[in-house]
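Student: Could you walk me through this protein step by step? I'd like to learn how to read it.

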Amino acid sequence: MGCLVRLLLLAFLMPGLAIPVPPRPKALSNLHLSTSFTSRPSIVMKYSIQYIEQKIDHFGFNNEKTFKQRYLIADQHWRKEGGSILFYTGNEGDIIWFCNNTGFMWDVAEELKAMLVFAEHRYYGQSLPFGADTFQDPRHLNFLTSEQALADFAELIKHLKRTIPGAENQPFIAVGGSYGGMLAAWFRMKYPHMVAGALAASAPIWQFEDLVPCGVFMKIVTMDFKRTCPNCSENIRSSWGAINRFTRNSTDLDWLSKALHLCTPLKNAQDVQHLKDWISETWVNLAMVDYPYESSFLQHLPAWPIKVVCQYLKNSNLSDKELLQNIFHALNVYYNYSGQATCLNMSETSTSSLGSLGWSYQACTEMVMPFCTNGIDDMFEPYLWDLKTFSDDCFKQWGVKPRPSWITSMYGGKDISSHTNIIFSNGDLDPWSGGGVTRNITDTLVAIIIPEGAHHLDLRGNNAFDPMTVLLARSLEVKYMKQWIRDFYASVRKKD
């Protein structure tokens with residue numbers, strides 16, 4: 001399996017290319033209209049784009065340098081009397097892209113009389129602490145941590161309360177998905193006075209050290225394919241051997257390159273390993289975005305894309321050539337559903353709105369998530385988690401050594417029962433659910449499991465093809481939020 005584990009760590013949502021470094025914004029505020037890509041193209045999301053001056057280092061006293069953090073505000077449904085503020089804790093990418101893919105917040109805004117705030121994570125999108133030089137010097141990245149990001153969110157909330165009349169005495173609720181979901185949960189843990197509660201969707205806060213088995217992620221990916229068609233996962237497992245047998249000489253490499261319609265021909269063993277990592281990552285991405293309707297989250301895909309992919313991998317007893325030709329057709333569903341691609345590019349796996357450069361640094365410092373496979377309980381080539389090798393690779397790239405125990409020390413690992421008012425939602429199709437909280441810990445630290453749900457499906461906008469399970473999950477999430485809001489106002493009345 002080679003470098004796939006590294007790929008998973010370097011890109012939480014598996015982006016394929018690093019986003020270009022944009023220039024520092026000139027305007028400090030402007031109105032933006034965006035058509036949602038949540039699955040309901042008719043929805044228009046109206047928001048203003050704002051910037052706040054943030055300290056580059058919140059925890060030192062000898063560094064007063066600042067940067068502009070971008071955030072979005074939508075207040076068309078906000079009510080100053082009895083309202084609330086939903087605060088999206090931005091993750092590893094462009095905040096406008098996350099805004100466009102978090103339709104749930106827009107759907108419930110009127111019901112909760114809510115202002116929507118989408119905060120961009122430092123070092124992503126336009127929130128670059130050192131501008132165009134942010135990623136040019138590894139020393140600039142020393143302030144790229146979850147702790148600094150949470151402090152940014154805290155300062156932003158203070159700023160909103162101070163500058164928006166009516167916001168000071170309203171409840172804020174943190175909302176996030178994936179890494180953003182982890183941040184939402186951790187924000188409630190670390191800054192409970194700032195938010196009344198948190199919805200942490202698809203948030204694998206336990207995917208660290210040995211809190212969960214390192215192989216659980218790939219087992220869930222495999223199960224997603226197996227439940228669609230047993231032969232599908234078996235054929236994928238067999239394909240690695242077929243690829244290996246077809247890479248023994250230049251003639252075989254040439255045939256394989258043409259059979260898979262690769263944009264760049266395979267030339268050596270290193271290219272072959274890259275090919276297998278790229279294919280593996282594709283299966284992982286499909287498991288994550290196995291949504292019940294056509295979507296464009298990572299790629300333009302059909303409804304239930306794994307079912308479509310497995311139509312090409314349902315036959316057994318295939319020759320190596322037949323199997324690999326079918327693998328191409330399966331890959332083509334993910335990379336060429338529109339039918340416009342003339343070849344498959346191994347350097348691209350998903351949207352460029354995600355920031356692979358920043359995430360690779362975070363994965364090499366505090367966000368160290370062990371992954372492994374054995375080729376028996378999963379459909380991938382065997383791979384043992386090797387922290388030393390991973391650490392050496394990180395040092396070569398960034399000049400840093402990972403701290404695999406830091407996240408559990410900082411946020412408590414599984415010892416979080418002292419906290420309150422956090423919803424952990426997970427879809428059973430989502431491989432990240434293996435590192436998530438899937439059982440109630442207390443009456444206010446609750447888990448919502450969504451059968452037939454992929455990666456943070458509950459944060460996406462309502463869709464006619466949504467399974468009843470996600471509709472029920474969203475309804476329950478809103479129920480908890482309303483209780484947090486009532487409790488907040490009740491406590492305010494008591495103080496008065």
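Tutor: Sure, and one term comes up again and again: buried means under 20% relative accessible area, exposed means over 50%, and partly exposed is in between, with a 1.4 Å probe and protein chains only. Keep in mind that this is a predicted model, where local features need pLDDT of at least 70, side-chain atom pairs count only at pLDDT 80 or more, and totals for chains, interfaces and linings use all residues. Residues are numbered from 1 along each chain as its sequence is written, and side-chain values use heavy atoms, with hydrogens and water left out.

Student: Is phenylalanine 371 buried or exposed?

Tutor: Its relative accessibility is 1%. The cut-off for buried is under 20%. So phenylalanine 371 counts as buried.

Student: How many aromatic pairs are there?

Tutor: Rings of Phe, Tyr and Trp (its six-membered ring) pair if their centres lie within 6.5 Å; planes under 30 degrees apart count as stacked, over 60 as edge-to-face and the rest as tilted. By this rule, the number of aromatic pairs is 24.

Student: What kind of pair do phenylalanine 217 and phenylalanine 371 make?

Tutor: Their ring centres are 5.1 Å apart. The planes meet at 90°, so the pair is edge-to-face.

Student: How many residues apart are those two along the chain?

Tutor: Helices (H or I, at least four residues) and strands (E, at least two) are DSSP runs, numbered from the N terminus. Phenylalanine 217 is in helix H6 (residues 216-228), while phenylalanine 371 is in the loop between helix H12 (356-363) and helix H13 (387-398). The pair links distant parts of the chain, and the separation is 154 residues.

Student: And which kind of pair do phenylalanine 225 and tryptophan 283 form?

Tutor: Here the centre-to-centre distance is 5.9 Å, with 75° between the planes. Both residues are buried. The angle makes this aromatic pair edge-to-face.

Student: Which helices hold phenylalanine 225 and tryptophan 283?

Tutor: The two residues are 58 apart in sequence, so the pair ties together separate parts. Phenylalanine 225 lies in H6 and tryptophan 283 in H9 (residues 269-288).

Student: Which ring does the charged end of lysine 414 sit over?

Tutor: A charge sits over a ring if NZ of Lys or CZ of Arg is within 6 Å of the ring centre and within 35 degrees of the ring normal. For lysine 414 the distance to the centre is 5.0 Å. The ring belongs to tryptophan 206.

Student: How far is arginine 460 from the ring centre of tyrosine 291?

Tutor: Arginine 460 lies over the face of that ring. Tyrosine 291 also belongs to a cluster linked by ring pairs, with Tyr88 and Phe297 among the other members. From arginine 460 to the ring centre is 4.5 Å.

Student: How far apart are the end C-alpha atoms of helix H5?

Tutor: The expected span of a helix is 1.5 Å times one less than its number of residues. H5 (residues 179-190) has 12 residues, so it should span 16 Å. The model agrees, because the end C-alpha atoms are 16 Å apart.

Student: How many residues of H5 are buried?

Tutor: The helix is mostly covered. Tyr179, Trp186 and Arg188 are among the buried ones. Out of 12 residues, the number buried is 11.

Student: How many residues of H12 are buried?

Tutor: H12 is mostly covered too. Its buried residues include Trp359 and Tyr361. Out of 8 residues, the count is 7.

Student: Where is histidine 261, and is it buried or partly exposed?

Tutor: Most residues other than glycine have a negative phi, and most peptide bonds are trans. Histidine 261 has a positive phi of about 55° although it is not a glycine. It is found in the loop between helix H8 (250-259) and H9. At 37% relative accessibility, histidine 261 counts as partly exposed.

Student: What about tryptophan 304, buried or exposed?

Tutor: Tryptophan 304 also has a positive phi, about 40°, although it is not a glycine. Its place is the loop between H9 and helix H10 (305-310). With 19% relative accessibility, tryptophan 304 counts as buried.

Student: How far apart are the C-alpha atoms of alanine 174 and leucine 86?

Tutor: Alanine 174 is found in strand S6 (residues 172-177), and its relative accessible area of 0% makes it buried. Along the chain the two residues are 88 apart. Their C-alpha atoms are separated by 6.1 Å.
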